[in-house]
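The following exercises call for reading geometry from atomic positions. Each task is followed by a worked solution.

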Amino acid sequence: WGLRARTLKSFILLPLLLAAPCALLAQTPAAPSAPEFLADGLSIRPQNGQAPQQQVTDRTECEAWSKGQTGFDITQPTGGVAPSDYTSRREQFNRAMTACLEARGYAVRIAAPVTPPASAAPRYSVPAPAAPTYVTHYSPPEPTLKYHPFSVSISGGWNITTGTVNQNYDDGGLGALAFSLFPAESLPIGLRLDGSYSWFGARDQFLIANNAQLGHQEVYGADADLQFNLGPHTARSQLYLFGGAGWYRERTTLHQVSAVNGTICGFFFCGSSDFFAITGTARATTPWRDSWNAGLGWEIAMSDVSSFFVEARYRQIGPNDSKEAFVPIQAGFRF
């Protein structure tokens, strides 16, 4: 009985002793698997213990290979393809990436469905770059004719003689100074006072008739005119009409020139010789005579306080039986 009992005990304990190592082995924890990471919409898990640097290298090379196979560039917001081709090209790119990475020892699965981008969003979540700032050449605004109740102008030009004046005198130059007053900004009518001086050379027939060899005429006086502006004072330029009455005087100067004998000195000597000199002068000045004038002008703004103008008018001095008529054309600046 004792032998039987020991034999029975052995049959009971032997399986337990054999099962103990297996139980211990079963309780030993398994080695941890490599972590899974996401990239370009794919879930990638290294299977062969690839180092992090190797994982980056493999993924970069697979991206380049997949781009060459499919034409889809993952670095571009829309893959570098037309929006209508985005879905199909992205699926082709995912399949190419999966095949390439699996061949290098990675487990790959698609982590998100392929959807076309709503807008050209960047690949990575980074702040959008600021819009570029373009520096262009600054062009100041063009000046306009500002309203000035009072202004002064200075001008010069050429006086064309007409009628009997043209028979006796050549055309001549002129200079003028004017003052303008516009009492209201909304009223295009203003007052102006123009003073002018003109000089005309005498023609030969006039000199011969007066037994003179040299001569000229001076005309000076002033006009009181109304000016009517045809354009708004806020424009860059405008036309205007003007006209009125004035008062002028004419002063005629004639010289007689004769040959006289006298002493002439040069650089090294003095000697007696004949030469021409003015031997007589006659001057005649008319009283103040009434006049009238009418004309047209054009003005353009140069700045907010100045403008350039050109004017032409017809001016008649004296009554019709002894009138003197001129056409002054002048240009100047108004301040």
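A residue counts as buried under 20% relative accessible area, as exposed over 50%, and as partly exposed in between. The model examined here is predicted.

**Exercise 1. Classify Asn211 as buried or exposed, and describe its backbone.**

Solution.
Step 1. Asn211 is located in the loop between α5 (204-209) and β7 (214-229).
Step 2. The relative accessible area of Asn211 is 51%. The threshold for an exposed residue is over 50%, so Asn211 is exposed.
Step 3. Phi of Asn211 is near 55 degrees, which is a positive value in a residue other than glycine.

**Exercise 2. Describe the disulfide of the structure: which residues form it, and what is its handedness?**

Solution.
Step 1. The structure holds 1 disulfide. A disulfide is a covalent bond between the sulfur atoms of two cysteines.
Step 2. The cysteines are Cys62 and Cys100, with sulfur atoms 2.1 Å apart; the cut-off for this assignment is 2.5 Å.
Step 3. The torsion about the S-S bond of Cys62 and Cys100 is about -75 degrees, and therefore the disulfide is left-handed.
Step 4. Cys62 belongs to helix α2 and Cys100 to helix α3; the pair links distant parts of the chain, 38 residues apart.
Step 5. Cys62 has a relative accessibility of 0% and is buried. Cys100, with a relative accessible area of 10%, is buried as well.

**Exercise 3. Determine the geometry of the ring pairs Phe72 with Phe93 and Trp292 with Tyr314, and state where the rings lie.**

Solution.
Step 1. A search of the whole structure yields 9 aromatic pairs. One of them joins Phe72 and Phe93, at 5.6 Å centre to centre and with 45 degrees between the planes. Planes under 30 degrees apart would count as stacked and those over 60 as edge-to-face, so the pair of Phe72 and Phe93 is tilted.
Step 2. Phe72 lies in the loop between α2 (52-70) and α3 (86-103), and Phe93 lies in helix α3; the pair therefore ties together parts that are 21 residues apart in sequence.
Step 3. Phe72 is buried at 1% relative accessibility, and Phe93 is buried with a relative accessible area of 0%.
Step 4. In the pair of Trp292 and Tyr314, the ring centres are 5.6 Å apart and the planes stand at 50 degrees, so this pair is tilted.
Step 5. Trp292 is in strand β10 (residues 289-301) and Tyr314 in strand β11 (residues 307-317), so that the pair links distant parts of the chain, 22 residues apart.
Step 6. Trp292 is partly exposed at 41% relative accessibility, and Tyr314 is partly exposed at 29%.
Step 7. Ring pairs also link Phe72 and Phe93 with Tyr86 in a cluster.

**Exercise 4. Which arginine lies over the face of Phe242, and which over the face of Phe309?**

Solution.
Step 1. The criterion requires CZ of Arg within 6 Å of the ring centre and within 35 degrees of the ring normal.
Step 2. Arg192 lies over the face of Phe242, at 4.7 Å from the ring centre.
Step 3. Arg334 lies over the face of Phe309, at 4.3 Å from the ring centre.

**Exercise 5. Give the strand order of the open sheet that contains β1, β2 and β3, and locate the helix packed on that sheet.**

Solution.
Step 1. The sheet has 3 strands in the order β1-β2-β3, with antiparallel pairing.
Step 2. β1 (37-39) and β3 (106-110) are the edge strands, each pairing on one side only.
Step 3. From one strand to the next, the twist averages 30 degrees.
Step 4. Strand β2 (residues 42-46) pairs with β3 in the antiparallel sense over 5 bridges. Leu42 stands opposite Ile110 in β3.
Step 5. Helix α3 packs on the sheet and touches β2 and β3; the direction of α3 makes about 165 degrees with that of β3.

**Exercise 6. With which strands does β8 pair, and over how many bridges?**

Solution.
Step 1. Strand β8 (residues 237-265) pairs with β7 in the antiparallel sense over 16 bridges. The bridge partner of Tyr220 is Arg249 in β8.
Step 2. β8 and β10 run antiparallel and are joined by 12 bridges. Here Gln238 has Glu299 in β10 as its bridge partner.
Step 3. β8 and strand β9 (residues 270-285) run antiparallel, joined by 15 bridges. Arg251 has Thr285 in β9 as its bridge partner.
Step 4. β8 and β9 form a hairpin, with 4 residues between them.

How values were computed. Residues are numbered from 1 along each chain as its sequence is written. This is a predicted model: local features need pLDDT of at least 70, side-chain atom pairs count only at pLDDT 80 or more; totals for chains, interfaces and linings use all residues. Side-chain values use heavy atoms; hydrogens and water are left out. Rings of Phe, Tyr and Trp (its six-membered ring) pair if their centres lie within 6.5 Å; planes under 30 degrees apart count as stacked, over 60 as edge-to-face and the rest as tilted. Helices (H or I, at least four residues) and strands (E, at least two) are DSSP runs, numbered from the N terminus. Buried means under 20% relative accessible area, exposed over 50%, partly exposed in between (1.4 Å probe, protein chains only). Two strands pair if DSSP finds at least two bridges between them. Axes are lines fitted to C-alpha atoms, for helices over the stretch in contact, and angles run from 0 to 180 degrees between N-to-C directions. Contact means heavy atoms within 4.5 Å.
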